[in-house]
Amino acid sequence: MCAMTLYGMLNTGLLGVYTNKVAMSVTAHNIANANTPGFSRQTPVMVTNPPIYLSSMGGSGRSLSFGTGATVADIQRIRDEFLDLQFRETSARLQYWENIYSNIHYIEQLFGEPGETGLRNMYDSFWASIEELKSDPSNEAAKAQIVFRADELINTMKDLDYRLQELANDINSEIKLRIDQINGNLERIADLNQKILTVSTIGGSPNDLLDERDRLLDQLAELSDIRITTLANGQMSLSIGDKVILNGSHYQKIHLETLPQTGDYYQAYVGNSPLTFGDGKMKALFELRDEIIPSYRKQLDEFGLYLVDTTNLIYKEGWDATGTIKGAQFFTDISTQTGFENSRLFRIAGNVDVFHSANINYVTSNKTFYNDPLIDLTDPNTPFNIFSISSSDVLSGSSLPISVNYDPTNNAIYLESTSPLEDKLILDLDGSFFKQYGFAKKEVGAYKIDVNNVIPGSLSFVVNGNDYNINFSNETELVDNINSNAGGYLKAFENDGYIYIVPTEKVPNYDLNTIVLNDVEGSLSQMEAQRITLDALDISQPTLNNLLGSHNTLEMSINGIRIEINPLKDNIYDLIDKINATNTGVTASITPQGKFILRAGNFIDFDMQNVTIKGPENLFKALGLIETTSNNIITLISPNMSPQNIEERFSKADLLRIDNTIGIINQINVSQNLKSNPSLLAIDLGYYDGSNYYPTGPGNVSVWNEISKLKNLSILDNGRIGFSDFLANIITDMGVKGENAYKMRLNSETLNSQISLEKERVMGVSIDEEMANIIKYQQAFNASARVITAIDQMLGTVINNLGTVGR
C-alpha cells in the first residue's frame with residue numbers, strides 16, 4: 001500500500017500499535033518470570049519495514065523513499081554463552097570438591113581423632129598394657145589387660161571398617177539415583193531439542209524452550225563435565241565424560257551394571273563401553289567409592305595384617321609362665337578362606353634358625369684394614385689376654401682354638417675357630433683386643449678374687465634345681481673344684497694374680513644372675529671377691545659365611561634390582577637392610593629365634609607372586625626358604641609360577657596366604673583361649689644352650705620386649721615406617737586431604753558465585769528496567785494510536801466533506 005495515501009499512513013500507525021503492543025507483551029512476560037529459575041530476559045528486535053520509492057510530484061523527477069513503519073522481527077533471549085560455559089565448568093568443580101570435602105570430613109569423624117575413642121588411643125592403650133606387664137611379669141591382671149586391650153583395638157578397627165563399607169554402599173546407592181537423574185534430564189533435553197527444531201523450522205523463537213534446556217544443562221553440569229556443540233538450527237550434541245550421548249533428539253541411555261568381585265558396585269556404561277566421568281558430583285562419588293574409601297580400608301587391612309603376623313611370629317616362639325606351652329598364637333589364623341587358587345601370598349618364613357647355623361666359625365671385624373696386622377693370639381708373647389671358656393675347657397695362649405686371618409680382597413680381618421664358637425665364650429680380659437680391632441662384644445658378669453686373699457672355705461649354688469657344693473683350702477683347689485664340681489655351669493681360671501669365676505654356655509644368656517649363690521660361710525666376702533663385667537665376643541649376629549660356608553661374593557635380584565652380598569662382612573641384618581632398600585615392595589625381617597621372613601607390601605598388593613626374585617639356590621636354602629640346594633642361580637618366585645609350583649617349592653617354609661579382597665581386618669580375633677584364660681599368655685622366649693631353646697622362667701618377659709619394639713620398627717608401608725607412625729600418617733593424610741578439599745571447595749564456590757552473579761546480571765530480569773520499558777512502549781503505543789485517530793479524522797474529512805459546495 002502506498003505510504004503516501006491515507007490508508008498507507010493508517011497502516012503505518014497500525015503497525016506502530018502492533019509493534020509496541022508486542023514489546024509491551026515481551027516486557028510483561030519478563031516481569032512475570034522475574035523469579036523463575038533459569039529464565040532469560042527477552043527483548044523485542046524492532047526493525048523498520050521496507051520503504052517505498054516513488055518519483056516526486058515536483059518537477060525535478062527525483063525518487064523519494066517513503067517509510068512504511070516498524071515491525072518486531074524477532075524476540076531474542078539475553079544470554080552470554082561464554083558465561084554459561086564458565087558457570088557449568090565451575091559448577092562441576094564446586095560439586096566435585098563439595099562432595100569430596102563432606103565425605104572426607106565424615107571419615108575424619110569416624111576415625112575419632114583426636115579423641116578417647118579413636119583408633120590411635122586404642123592402639124596406645126594396647127601398647128601401654130604391654131609396658132605394664134614388662135614392669136611386673138607376675139601380675140595376672142596385666143596379662144588380662146593385654147588381652148582385653150588387643151581385643152578392644154581389633155573391635156575398633158572392625159567397627160571402623162564396617163562404617164567405611166556402609167559409607168561406600170550409601171554412595172553406591174546415590175550413584176544409581178544420580179544416573180537416573182541424568183537419564184531423565186537427557187530424555188527431557190532430547191524432547192526439547194525436537195520441539196525447538198519444530199519451532200525454529202517455522203521461523204519462531206523458542207526462547208522459553210531454550211531456557212528450559214539450559215536449566216537442565218546446568219543441572220547436568222553439577223553432576224559431570226559436559227561438552228556442548230550447538231548447531232545453527234538450535235540443535236545440539238552433548239558429551240558426558242568421555243562419551244557423546246546425545247545428538248539432537250536422539251540420546252543413549254546410561255545403564256548400570258554390577259561387576260563380579262566388586263561387591264555389587266554399579267559401573268556406568270554407554271552401550272557396551274564404560275563411561276568415565278571427568279568432573280562434577282559423579283566423579284566425586286566414583287572416586288570416593290572406588291579410591292578414597294578403599295584406600296583407608298586397605299590401610300586398616302595393612303595395619304591389622306602386619307600387627308597379627310609380626311605379633312604371632314614372635315609370640316609362637318615363646319613359652320607361657322609355666323615353661324610348658326609353646327607355639328600358640330596370640331591372634332587367630334588369618335589364612336585365606338577361599339583357597340590358595342584365589343589368594344595372595346603375603347609372607348614366606350624360613351624354617352631354620354639363621355642365628356645358630358650348624359656351626360659358627362667366623363666373626364669379622366667391623367673395621368677396615370689395608371694391611372695384614374699379623375696377629376697371632378696363640379703366641380705366648382701376645383699382649384692380649386684372650387681366654388676360651390666352655391663347659392668342658394678353659395683355654396688360653398697356644399691352646400686357643402681361634403686364629404686371626406686377613407682377607408686382602410675385602411681389606412678385612414676375621415676370627416676363625418676350629419670348633420663352633422657358639423659352644424664357647426671368648427673373653428678379652430684386658431678389654432683391649434676387641435676394642436682395638438673392631439670386633440663386636442658383649443658384657444658378661446664374673447667374680448674376681450685376688451689369689452692372696454683366698455682362704456679355706458666353701459661355696460654352694462643352685463642351677464635348674466640342682467645343688468652344687470665347692471669346698472677348697474687354697475687357690476688351686478678353688479679353681480680345680482669349681483671346674484670339676486660345678487656341673488659345667490661355672491669355670492674358673494687364674495691370670496696375672498687373680499682368679500676369675502665365669503658362667504659357661506650352659507647358663508642362659510651367660511647371665512650370672514640366674515645362678516643362686518649360697519655363701520653361707522661368707523667365703524666370697526672374706527676373700528673380698530669383686531663382681532665385675534668382662535668383654536666377651538658377641539656372636540649373636542653371625543656373618544653369612546657361617547651359613548654359606550664360603551667367603552665368595554653372591555648376588556640376588558628383585559625385579560631386576562641387584563643385591564650384592566658379601567658373606568665375609570654381611571650378617572643377616574645387612575641382608576635384610578639391602579632387601580628393604582630396593583623399595584620393590586618386598587620387605588625382609590627376622591624373628592627373635594632366627595626365622596628369616598619375606599613379606600609383600602602395598603606396592604605389590606601384598607602378593608609375593610607380583611615380583612620376580614632370583615639368586616643362588618644355596619643362599620635360599622641357607623635362609624630356610626627351600627630344601628634343595630646347589631650353586632645354581634634360580635628363580636625363587638615369579639608371576640609365571642603357578643600356585644601349585646609355589647606350594648611345592650616352599651613345602652618346608654611357613655607360608656601365609658590371604659584372601660584377595662578388602663576387609664581382612666574382619667577375620668582378625670584375639671585367641672579365644674587367651675580371652676578365656678589370660679594366664680596362658682606367652683611371655684618367655686627362652687635361651688639357646690648351643691643346641692636348642694629352653695624356657696628361662698616366669699620372670700622373663702622377652703616375648704613382650706620384642707613385640708613392644710614393633711611399635712616403631714619400620715615394617716609397614718613397604719618397610720618405611722612403624723605401627724605408630726603408620727597410624728599417624730593415616731590421620732595426617734586424612735587431615736591434609738580434608739584441608740585441601742575445603743580450600744578447593746571454597747575457591748570453587750567463590751569463583752562459581754562470581755560467575756553466577758555476572759551471568760545473572762546479563763540474563764536476569766530487572767524490575768526497574770522493565771518498568772521503564774513499559775512506560776517507553778506505552779508512550780509509543782499511545783502515540784501510534786493517536787496517529788490512527790488523526791488519520792481517521794482525515795479520512796472522515798475526505799469522505800464526508802471533500803467536494804461539498806457550500807450553500
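This tour proceeds through selections in a predicted model and states what each contains.

Before starting, note that residues are numbered from 1 along each chain as its sequence is written, and that side-chain values use heavy atoms, with hydrogens and water left out. Because the model is predicted, local features need pLDDT of at least 70 and side-chain atom pairs count only at pLDDT 80 or more, while totals for chains, interfaces and linings use all residues.

**Stop 1: helix 2**

Select residues 81–111, which form helix 2. Helices here are DSSP runs of H or I with at least four residues, strands are runs of E with at least two, and both are numbered from the N terminus. Helix 2 has 31 residues and reaches 45 Å from its first C-alpha to its last, close to the 45 Å expected at 1.5 Å a residue; the expected span is 1.5 Å times one less than the number of residues.

Next, select D80 and F82. D80 caps the N-terminal end of helix 2, with a side-chain oxygen 3.0 Å from the backbone nitrogen of F82. After helix 2 comes G112, whose phi is positive, near 65°.

Then add Y96 and K283: the charged end of K283 sits over the ring of Y96, 5.2 Å from its centre. This term requires NZ of Lys or CZ of Arg within 6 Å of the ring centre and within 35 degrees of the ring normal. K506 is placed likewise over the ring of Y489, with its charged end 4.6 Å from the ring centre.

**Stop 2: aromatic rings in and around helix 3**

Rings of Phe, Tyr and Trp (its six-membered ring) pair if their centres lie within 6.5 Å; planes under 30 degrees apart count as stacked, over 60 as edge-to-face and the rest as tilted. By this rule there are 31 aromatic pairs. Select Y123 and W127: their ring centres are 4.9 Å apart and their planes stand at 35°, so the pair is tilted.

Both Y123 and W127 lie in helix 3 (residues 119–135), four residues apart, about one turn of the helix. Are Y123 and W127 buried or exposed? Y123 counts as buried at 0% relative accessibility, and W127 counts as buried at 2%. Buried means under 20% relative accessible area, exposed over 50%, and partly exposed in between (1.4 Å probe, protein chains only).

Widen the selection to the cluster linked by ring pairs: Y123, F126, W127, F303, Y315, F330, F331, W704, F723 and F726.

**Stop 3: a sheet of three strands**

Select strands 14, 17 and 18, which form an open sheet in the order 14-18-17 with antiparallel pairing. Strand 14 (362–364) and strand 17 stand at the edges, each with a single partner strand, so one side of each has no neighbour in the sheet. Neighbouring strands of this sheet are turned by 25° against each other on average, direction ignored; the axes are lines fitted to C-alpha atoms, for helices over the stretch in contact, and angles run from 0 to 180 degrees between N-to-C directions.

Strands pair if DSSP finds at least two bridges between them. Six bridges join strand 17 (residues 402–407) to strand 18 (residues 412–417). N405 stands opposite Y414, and Y406 opposite I413. The two strands form a hairpin with four residues between them, where N411 in the turn has a positive phi of about 50°.

**Stop 4: Q235**

Finally, select Q235, in the loop between strand 5 (226–230) and strand 6 (236–240). Q235 is buried, with a relative accessible area of 7%.

Definitions and conventions
A polar contact is a pair of N or O atoms within 3.5 Å; within protein, one must be able to donate a hydrogen and the other to accept it, and residues adjacent in sequence count only if both atoms are side-chain atoms.
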